[in-house]
Amino acid sequence: MKTWSREFNVSTRKHCEVVDVTDKVLAAVRESGIRNGLLLVLLPHATATLVLNEDEGGLKQDLLNKLDGLVPQQGNYQHDRIDDNAHAHLKSALFSSPLVLPIIDGRLVRGTWQNFLLIEADGPRNRRMVVFAMGE
Ligand code: ZN
C-alpha cells in the first residue's frame, strides 16, 4: 500500500467567506497516483472548516447567513475574554473535519454537487489544507 500527502495554502480575503478548493483536491488526487484507496482532507484550524456542498453563489451566502444566525459575532461568549473570536470557533465546531472519501479507478467518489468548500469564519488569513491519500 502506498501513502501520499501534500499541504496547500489557501488565502482567504474576507472575515467570513466560502472558498471552493475543489480544484486543489482533485489535482492532489491525480498527483498522488493512487487509483484505489481513500483520500483524507483536513483543515488543521479551529476557526475555519471544510464541508462538501454546492459551489453556488446564493447557497454560499445562505450558508454564511445561517451560520451568522446560529452563532452571532457578538454574544455572551466565555472565550471572548481571552480571544475575541468565539463565534468563529463555534461555527467551525458545527462541522466535522477531516473529510474522507473513496478513490475508485483513479476518480474521487463524490456527488455531482459536492464540492470542497472551505468555510472561513475568522479571516482574512492564510489557511493550511492537508491532503492525505492511501491505497494502491
Ligand atoms: Zn480563539
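Four donors count as tetrahedral if all angles lie between 85 and 135 degrees, and as square planar if opposite donors are over 155 degrees apart and all others between 65 and 115; anything else is irregular. That rule is needed at the first stop of this tour, which goes through a predicted model.

**Stop 1: the zinc ion**

Select the zinc ion and show the residues around it. Its coordinating atoms are NE2 of His79, OD of Asp83, OD1 of Asn85 and NE2 of His89, at 2.1 to 2.2 Å. Read along the chain, these donors follow the spacing H-x3-D-x1-N-x3-H.

Next, turn to the angles. For reference, the ideal value for four tetrahedral donors is 109.5 degrees. Here the angles among the 4 donor atoms run from 92 to 156 degrees. The tetrahedral class ends at 135 degrees, so the site of the zinc ion is irregular.

**Stop 2: His79 and Asn85**

Keep the zinc ion in view and select His79. This residue is found in the loop between H2 and H3; helix H2 covers 57-70 and helix H3 covers 86-93. Is His79 buried, exposed or partly exposed? Its relative accessible area is 25%, so His79 is partly exposed. Draw a distance from its C-alpha atom to that of His89: the two residues are 10 apart along the chain, and the C-alpha atoms are separated by 9.1 Å.

Now select Asn85, whose place is also in the loop between H2 and H3. Asn85 counts as buried because its relative accessibility is 5%. Besides giving OD1 to the zinc ion, Asn85 makes a polar contact, side chain to side chain, with His79 at 3.1 Å.

**Stop 3: Asp122 and the loop around it**

Which residue has a side chain in polar contact with the side chain of Asn85 at 3.0 Å? Select Asp122: that contact is made by its side chain. Asp122 sits in the loop between strand S7 (115-120) and strand S8 (126-135). With a relative accessibility of 11%, Asp122 counts as buried.

Stay in this loop and select Gly123 and Pro124. Most peptide bonds are trans. The bond that joins Gly123 and Pro124 is cis, with omega about -5 degrees. Pro124 has its place in the loop between S7 and S8.

**Stop 4: Val131**

Move on to strand S8 and select Val131. At 0% relative accessibility, Val131 counts as buried. Add Val41 to the selection: Val131 and Val41 are 90 residues apart in sequence, and their C-alpha atoms are 4.6 Å apart in space.

**Stop 5: the largest pocket**

Clear the view and turn on a surface. Rolling a probe the size of a water molecule over the atoms shows where empty space is left. The largest pocket has a volume of about 150 Å³. To find it, select its lining: Leu26, Val29, Arg30, Gly106, Arg107, Leu108 and Arg110. Two elements give two or more residues to this lining, helix H1 (22-32) and strand S6 (107-108). The largest share, 3 residues, comes from H1. Colour the lining by residue class, and it divides into 3 nonpolar, 1 polar and 3 charged residues.

From the lining, pick Leu108, which has its place in strand S6. How accessible is Leu108, buried or exposed? Leu108 counts as buried because its relative accessibility is 10%. Its C-alpha atom lies 8.0 Å from that of Leu39, with the two positions 69 residues apart in sequence numbering.

**Stop 6: Asp105**

Step back along the chain to Asp105, in the loop between strand S5 (99-104) and S6. Most residues other than glycine have a negative phi. Asp105 has a positive phi of about 50 degrees although it is not a glycine. Asp105 is exposed, with a relative accessible area of 52%.

**Stop 7: Gln73**

Finish with Gln73, which lies in the loop between H2 and H3. Its relative accessible area is 41%, so Gln73 is partly exposed. For a last distance, add Val25: Gln73 and Val25 are 48 residues apart in sequence and 30 Å apart in space, C-alpha to C-alpha.

Note on methods
Residues are numbered from 1 along each chain as its sequence is written. This is a predicted model: local features need pLDDT of at least 70, side-chain atom pairs count only at pLDDT 80 or more; totals for chains, interfaces and linings use all residues. Side-chain values use heavy atoms; hydrogens and water are left out. On a 1 Å grid over the protein atoms alone, a cavity is a set of points where a 1.4 Å probe fits but cannot get out, and a pocket is an open set with protein on both sides within 12 Å along at least five of seven lines; lining residues have an atom within 4 Å of a point. Grid points are joined across faces, edges and corners, and a volume is the space filled by probe spheres set on the points. Helices (H or I, at least four residues) and strands (E, at least two) are DSSP runs, numbered from the N terminus. Ala, Val, Leu, Ile, Met, Phe, Trp, Tyr, Cys and Pro count as nonpolar, Asp, Glu, Lys and Arg as charged, and the others, Gly among them, as polar. Donors are N, O and S atoms within 2.8 Å of the metal (3.2 Å for Na, K and Ca); water is not among the atoms, so sites may look incomplete. Four donors count as tetrahedral if all angles lie between 85 and 135 degrees; four count as square planar and six as octahedral if opposite donors are over 155 degrees apart and all others between 65 and 115; anything else is irregular. Buried means under 20% relative accessible area, exposed over 50%, partly exposed in between (1.4 Å probe, protein chains only). A polar contact is a pair of N or O atoms within 3.5 Å; within protein, one must be able to donate a hydrogen and the other to accept it, and residues adjacent in sequence count only if both atoms are side-chain atoms.
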